[in-house]
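I opened the model today to look up a few local features. My notes follow in the order I took them.

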Amino acid sequence: MLCIFGMLFFLPHILAFEFDPYHKFTKLNLPPGGPIGPESVALDRFNKGPYVGVSDGRILKYQPKVGFVEFAYTAPNRNKTLCDGVSDINLGPICGRIFGISFDSVTGDLYLADTFHGLFVVGPKGGQATLIANSAGGVRFNFLSGVDVNPITREVYFTDASQTFDLRNVIRGNVVPDSSGRLIKYNPTTKEVKVVLDGLPNPVGPANSHNGTFLLYSENSNKRITKYWLQGLKAHTSEVILNLPGNPAKIKRAPKFGEFWVAAKIIVQHPPSVTPFGYKFNSLGKVLIRKALRRQYSKNTIVNVLQEYNVNGGTLFVGSREASYAGKFTKW
Ligand SMILES: *[C@@H]1O[C@H](CO)[C@@H](O)[C@H](O)[C@H]1NC(C)=O
Ligand SMILES: *[C@@H]1O[C@H](CO)[C@@H](O)[C@H](O)[C@H]1NC(C)=O
């Protein structure tokens, strides 16, 4: 019954897709024998990069003809000998694991959500990042899952997915979805860290809208995307805008006003398989493009983020916690 309703709800969207112009796929390989899992992919204000957060706790920056080089790290007293190149999640609390990154386009500062250590910031030259906060409202962060700078107010919004499980549980597959997630805000002017929403069902994301009036976050296990109004008549209220056939991960603004990308995985039980998808959708929750990533990411490889830029006629970067490369789509 539920399933039929889900399909009926989804059908009109399928019939109205836009043409997907992104055909050419290039792998930006991580250093061989080194870290894996570029979880985030962002360009800086000069369109250099992408910058990616990898399994050994560092942010690497892609340089044409050179490849990925070290840019920044978060973990205090990070031991390079021990950490560089590792992909063992049990070392995450020592080496760090940066799950979300977002540039402030005015200052060039990069905000980093280290899932184990907290929210950090690092200047345009990189290096050891500075801790901003590892708790809010007296409660320690447990599973930071994304960060985004509001393009108008430049406040920094980030999500803590759960207080009962963290990334290690996700990777071991022993997660019981709950409603202990939070949306938190950092104001770089007043230095205040404030809990905006509490009791959320495992939020991932988040993405502020282009004019800063609302933000979106994924409810991963609920397979839906929620809009939270920051301003206007509906300020401080939430509404679900999109139900998906798969579990959504991070949401990112697309270059075009009112459009966003979200990464998702569709899990099928018989035979068991996980298929990665990207969805482009608008602020009303209409799906514009449904992008299968099965050919670029082998079966059962999850994809965590799609980030589009207006560079070189349009570039769509893809980040995957499990791949040994960052993906880059161009139109030709
Ligand atoms: C860093 O890690 C290496 C390899 O595990 C170890 O031999 C070394 O003592 C560590 N250094 C510090 C300062 O803890
Ligand atoms: C912001 O954009 C939304 C559409 O996404 C629009 O409805 C709203 O009026 C805009 N608000 C301002 C203050 O420009």
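**Hairpin of β25 and β26.** I began at the turn of this predicted model. The hairpin of β25 and β26 has 5 residues between the strands. Within the hairpin, Asn312 takes a positive phi near 50°. I then looked up the pairing. Strand β26 covers residues 315–319, and 5 bridges join β25 to it. The two strands run antiparallel. I picked out one position: Glu308 stands opposite Leu316 in β26.

Next I asked how many residues of strand β25 are buried. The count is 5 of the 5, over residues 305–309, so β25 is largely enclosed by the rest of the structure. In a regular strand, side chains alternate between the two faces of the sheet. I therefore checked both faces of β25, and both are covered. Val305, Gln307 and Tyr309 are buried on one side. Leu306 and Glu308 are buried on the other.

**Aromatic pairs.** I searched the whole structure and got 16 aromatic pairs. One of them is Tyr51 with Phe103. Their ring centres are 5.0 Å apart, with 70° between the planes, and the pair is edge-to-face. Where do Tyr51 and Phe103 lie? Tyr51 is in strand β3 (residues 51–53) and Phe103 is in strand β6 (residues 98–103). The two are 52 residues apart in sequence, so the pair ties together separate parts of the chain. Buried or exposed: Tyr51 and Phe103? Both are buried.

I also looked up Tyr309 and Phe317. The ring centres of Tyr309 and Phe317 are 6.2 Å apart and the planes are at 65°, so this pair is edge-to-face. Tyr309 has a relative accessible area of 16%. Phe317 has 4%. The cut-off for buried is under 20%, so both Tyr309 and Phe317 count as buried.

One cluster went into my notes. Ring pairs link Phe25, Tyr297, Tyr325 and Phe329.

**Charges over rings.** Phe329 came up again here. The charged end of Lys291 sits over the ring of Phe329, 4.1 Å from its centre. I noted another case at Phe214. The charged end of Lys227 sits over that ring, 4.5 Å from the centre.

**Sheet β21-β22-β23-β24.** I followed Lys291 to its strand. In β24, Lys291 is the bridge partner of Gly278. Strand β23 (residues 273–282) is joined to β24 by 5 bridges, and they run antiparallel. I then traced the sheet. It is open and has 4 strands, in the order β21-β22-β23-β24, with antiparallel pairing. Which strands are at the edges? They are β21 (247–253) and β24 (287–292), each pairing on one side only. Neighbouring strands of this sheet are turned by 20° against each other on average, direction ignored.

I checked one residue of β23. Phe281 lies in this strand. Phe281 has 0% relative accessibility and counts as buried. I also took a distance from Phe281 to Arg253. They are 28 residues apart along the chain, and their C-alpha atoms are separated by 9.8 Å.

**Sheet β2-β3-β4-β5-β9.** Strand β3, which holds Tyr51, led me to this sheet. It is open, with 5 strands in the order β2-β3-β4-β5-β9. The pairing is mixed. The edge strands are β2 (41–42) and β9 (127–128), and each pairs on one side only. I looked closer at β9. Strand β5 (residues 67–73) is joined to β9 by 2 bridges, and they run parallel. Tyr73 stands opposite Gln128 in β9.

**Disulfide.** How many disulfides does a search of the whole structure find? The search finds 1. Cys83 and Cys95 form it, with their sulfur atoms 2.1 Å apart. The torsion about the S-S bond is about -80°, so the disulfide is left-handed. Cys83 lies in helix α2 (residues 80–83) and Cys95 in helix α3 (residues 92–95), so the pair ties together parts that are 12 residues apart in sequence. Cys83 and Cys95 are both buried.

**Record check.** Last, I looked at the annotation. UniProt, in an unreviewed entry, places the feature "domain: Strictosidine synthase conserved region" at residues 146–232. I computed values for that span. Its end C-alpha atoms lie 25 Å apart. The span is 7% helix and 47% strand.

Terms used. Residues numbered from 1 in each chain as written. Chains lettered and ligands numbered in written order. Predicted model: local features only at pLDDT ≥ 70, side-chain atom pairs only at ≥ 80, totals over all residues. Heavy atoms only, no water. Disulfide = S-S within 2.5 Å. Buried < 20%, exposed > 50% of the residue type's maximum accessible area, 1.4 Å probe, protein only. Pairing = 2+ DSSP bridges. Phe/Tyr/Trp six-rings, centres within 6.5 Å; stacked < 30°, edge-to-face > 60°. Lys NZ or Arg CZ within 6 Å of the ring centre and 35° of its normal. Axes fitted to C-alpha atoms, helices over the stretch in contact; angles between N-to-C directions. UniProt positions renumbered as here; feature names shortened; annotations may be inferred.
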